[in-house]
Amino acid sequence: MFIHCVHYVSQESHRNPTLTSKYNPYLKPTPKSSLSPHLSDNKYESRETLIFGRLPSRHSPLLTPEQTVNALHTKLKYKNILEEKELYTVHSAIFLEYEGSSFLEWQYPESCDINNKSSPNAVIWCESSGFQTVKPLVSVREEERHLYISDSFFSFAWYAVIPELRNASESDSQIVRIWIIDPDQAERTEIYNTALVPSIHSRYLTKQLLISGAYPVIESSSFSQTVQSYFTNQGFWEARLLGNPEYHNFCIVGQSVSFHGRCVVSSQHTFYMASPEKPYGDREVSLCLPTGSQLSLVWGVCTPYRALLLSEKGTFMTKNAFLTYEEVKVDPGDLHVPAEGYFTIFEAALLENALIFRIGDALFWRDNKDRILRMNPKKLLVHGVKGLNFRTQCVDYYPLQAFELASVLAWKDHELYIGGKSLDWQTNNSYMTKVLSLPKTATILTASFGSHPEALCALVMYTHNDDPVRLSLLTFYETEGIWRTSTFLSNLKEQDVLQGPFQMFFVGSALETLLVWNKDVMLYSFHNDSEWGYMQPTDSSSLSQAASGSHIHHVVMDHSWNMLIKMENNVLFFCKAGINKLLRLPTWTDSGSSMVLYLNQKNQIDMLILSDSGLHVQKYPLLMEIRSAMRGGVHGCPFIGFTHKMKRHVYYLDKGDRKELWAQIVYHEGKSIDVKLHMNNKHLLQIAARTHFESVRRVETINKEPHLRSVPNNSGLISQSSGIVSMELLPTQIGNACYLPKNQVSHLLVGCPPNRHIRVVKPQEIPCEMHTFEKYTIPGSVLRNPKKKDLLVHYDWKRIGCVLKMNYKDAFRPDIDLYDGDTFVRSVYANFIVWEKFGRKDYYFNATMRQVTCLHEAQTWKSMLADKKHPEEAWGPHNYRSCFVHTSKKQGNLDQPYEIMNRSSRNYLTFSQKDSATYVFIVKILDPDYSFCDLRAVFAVQTYGIKIKDQRLPMYVVLILTCIALIMLCLIFYKYVTVFRNMLRKKHL
């Protein structure tokens, strides 16, 4: 039966229809929680996203929402009104809930106040900052929580909504309304994210902060520019969003202005426009994991709001971060449906246009449009498949040009295959490509994508006759096509070799960092095996022992390197990536629940709990739970603060450019901490670092500024001096309690930046005209290869642009500027050459080689075109030789024209003195040390001022004289005839 979806808000909202607006596809999801404190103040009633529905066969009957909440033994939970970690502040409300029958009352510190300490659903306010211990008094042992209350003055919040307008066009769906709310004074509709206009209090608050200088700025990784907004007379700002109208994920930041000592905290906002799937028919069947399997989750790493949940009760897909979901079914097509009525799957991959499933030892494909399950040996592997894996890091921003990195891994016992991010079923091309083939003595145990975007790794077991079993990690870089053997696992003794099955998790890092585990033991390797060993829980020898004998389920890590290891009994262990000491977190979910961790698009951890009644989504306050578990423990941070300005995913470094990084670390005296720059491909860079040290009152500060330049290349081969360098700035010591910036790894493209080009400066004193003619003629005698016929040229105004109108006596030197897109970078002072596009040669250079002080004969177009090459390839940075460098060659003829120019030279172009002409020049940067880019541009010059001598003038003179002579002859003849007639008339008379 198809699973339906219900958004459960609160009982009050259902009783009062005025509190619930009509469905708006652009409204943000209501905050996800399973808390439902029934308080007298309806404003503080919690929100809950419960997705109910009857699941396929083998399931219990459908429960009501109230029965569902009671069916989950959640113990002690808490949250704030907006479920934002920044708003656990002094005087803000915190909701407490205890699920159980033995509750008596709440125990809390004197600095806090509670509305009803005898109620399992209560609200608490604390008047002092720091750790506040809260514990339910129950008959059974219950863990206490140490809630960290901040004294931050950031307690106001940005509110954003995309309204659904009548007769709205697609562009209207990009308009967002923004105002400021006080969570403790906001209306219910604002708390539940359904308000379309601000409340009276919010409008007043927004107006006061506007007067103080506050305004929202929208930032998003999907578009490079920030979006500005304008204030309306309705009491809110409006802004037009960029990007995909079906999904918006952006951050709103403001200014440090206050109202009554309180400021607005920056916040992230997400909107969806997910279209539902068409209803399934009677032919479609379900896809289920084997009975007894743990939940498995696959989500799009670049689109985390798209996810696939695999379970023994079915396979479910969401397009809006589990605000809603739908069961995935398939039309079996020509395939035989198993007797149990569903297909049993083991793994899945989420592509852009389809889903791939491993069923048995074969791969099957389900298209998103026709939903037919297919098996095709030309496209996918149809036998012997042992595993299927999907990429866990987004690589869309990785600056690899004209090369698509793999998104899917599949392996057999001795072979490894890769596949792309989409599959075209219509072509005959194979989707899978073999990248590794091993002998029969080597078996692939598992495979995964590596720490580096180009890397993929395979864990291989070698067995040969009576030799001991040996494990080895092989790493493959897609652009290189070469396999390398890692030193990781090579130091394990024979008795320490782990038993499978294995799983691997790679941390996104400049240097390879990974975890390898079986059911009970986890190994780590940090920064290319510079440190490796076993992950050790506090006060226990192994993870399984610390989790009461349970096994490892899966690993999740957020963008701040907070890593969670989930056990099958829902016990959670925490550590920072790069730390081998694990901290057990307080219990949040009952051990019998079927649960999996989900990292959503806001970099927040959600718990997906699947029961017979449906899927329950709970927000997990990770940072608060970490602080609570660490209070009074051995875990700490060796430094006070660490920050750097490496905020972007990608940087570009051209020849001659310099990239400056910066990092600062503050720590207590005597800690001996420093900042280290980790990177690969160091041979591409020249690195110089400047360090500033300061010590004040036993607090020490280090500011480190690495300066990066590209390495000069004397070989002339760009491939040897260009490439991608992955970088990360990290303290030499970290701890589980440390805060690390979100963006740890950046990629530096040493090469040609995208959209880099040159433009010829149009001098203001020279007119530049457009569309004054369509075509012109070049005399065949002035071409580099003379012809009898003239050359007719059709002028391309769109590509060449305007024509510089110059007097034929004027000399001209083109000045060049460097641009990235439409952004001016700098003026170009490097050497360059010019040539006429259509081959005319009636232009000249006013300086000779001797006048520019050449030491020997310079390169010229005549010498470079001796091999009859095309001008565009004949001369350039690859074969440029300066005439100002001593060589063994003879001096040669220095009275020839010097045909190389630059911005500061005395060398100019001169034009034909015989005829006014039109020239289309191509300018090209010649200096090999200036840029990795092929920098060239086109400009046109049209000369005027030459008085044309008409070659037909003598003919006109002869013609005129002839005409005059004829006229005179006619007059004479007329006169003669007249006289003769008069004489005859007189004679007759």
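## Salt bridge between E669 and R698

E669 is partly exposed, because its relative accessibility is 45%, and this residue forms a salt bridge with R698. The model is a predicted one. The closest N and O atoms of the E669–R698 pair are 3.9 Å apart. E669 lies in the loop between strand 52 (663–668) and strand 53 (675–679), while R698 lies in the loop between strand 54 (685–696) and strand 55 (699–710), so the salt bridge ties together parts that are 29 residues apart in sequence.

R698 has a relative accessibility of 63% and therefore counts as exposed. The cut-off for this class is over 50%, with partly exposed residues falling between that value and the 20% limit for buried ones.

## Other salt bridges

Across the whole structure, a search finds 28 salt bridges. Side chains of opposite charge can pair when their charged atoms come close.

One of the bridges joins the side chains of E872 and R936, with an N to O distance of 3.3 Å. E872 belongs to helix 9 (residues 871–874) and R936 to strand 69, so this pair ties together parts that are 64 residues apart in sequence. Both ends have some exposure: E872 is partly exposed at 26% relative accessibility, and R936 is partly exposed at 27%.

Another bridge joins the side chains of R813 and D815, at 3.2 Å from N to O. Here R813 is buried, because its relative accessible area is 17% and the limit for buried is under 20%. D815 has a relative accessible area of 21% and so counts as partly exposed. There is also a network of salt bridges, which links D654, D657, R756, D820 and R826.

## The sheet of strands 29 to 32

Four strands make up an open sheet with antiparallel pairing, in the order 29-30-31-32. At its edges are strand 29 (387–390) and strand 32 (433–437), each of which pairs on one side only. From one strand to the next, the twist averages 20°.

Inside this order, strand 30 (residues 408–411) pairs with strand 31 (residues 415–419) over four bridges, in the antiparallel sense. V408 stands opposite G419 of strand 31. In a regular strand the side chains alternate between the two faces of the sheet.

## Strand 62 and its partners

Strand 62 (residues 803–807) is mostly covered, with four of its five residues buried. It pairs with strand 59 (residues 768–769) in the antiparallel sense, over two bridges. Strand 62 also pairs with strand 69 (residues 936–944), this time in the parallel sense and over five bridges.

L804 takes part in both pairings. In strand 59, C768 stands opposite L804, and in strand 69 the bridge partner of L804 is V941. Strand 69 is also the strand that holds R936, the residue bridged to E872.

## Aromatic pairs

The count of aromatic pairs comes to 40. One of them is formed by Y204 and F259, which meet edge-to-face at 6.2 Å centre to centre, with 75° between the planes. This pair links distant parts of the chain, 55 residues apart: Y204 is in helix 4 (residues 200–211), and F259 is in the loop between strand 15 (247–253) and strand 16 (263–265). Y204 is partly exposed, with a relative accessible area of 47%, whereas F259 is buried at 15%.

Y819 and F824 also form an edge-to-face pair, with 5.7 Å centre to centre and 75° between the planes. Y819 is buried, with a relative accessible area of 15%, and F824 is partly exposed at 42%. One aromatic cluster is formed by F812, Y843, F845, F911, Y919, F921 and F939.

## Charges over rings

Y819 has a charged neighbour as well as an aromatic one: R759 lies over the face of Y819, at 4.0 Å from the ring centre. The aromatic partner of Y819 is F824.

A charge also sits over the ring of Y829. In that case the charged end belongs to R903 and is 5.5 Å from the centre of the ring.

Technical notes. Residues numbered from 1 in each chain as written. Predicted model: local features only at pLDDT ≥ 70, side-chain atom pairs only at ≥ 80, totals over all residues. Heavy atoms only, no water. Pairing = 2+ DSSP bridges. Axes fitted to C-alpha atoms, helices over the stretch in contact; angles between N-to-C directions. Buried < 20%, exposed > 50% of the residue type's maximum accessible area, 1.4 Å probe, protein only. Salt bridge = Lys/Arg side-chain N within 4 Å of Asp/Glu carboxyl O. Phe/Tyr/Trp six-rings, centres within 6.5 Å; stacked < 30°, edge-to-face > 60°. Lys NZ or Arg CZ within 6 Å of the ring centre and 35° of its normal.
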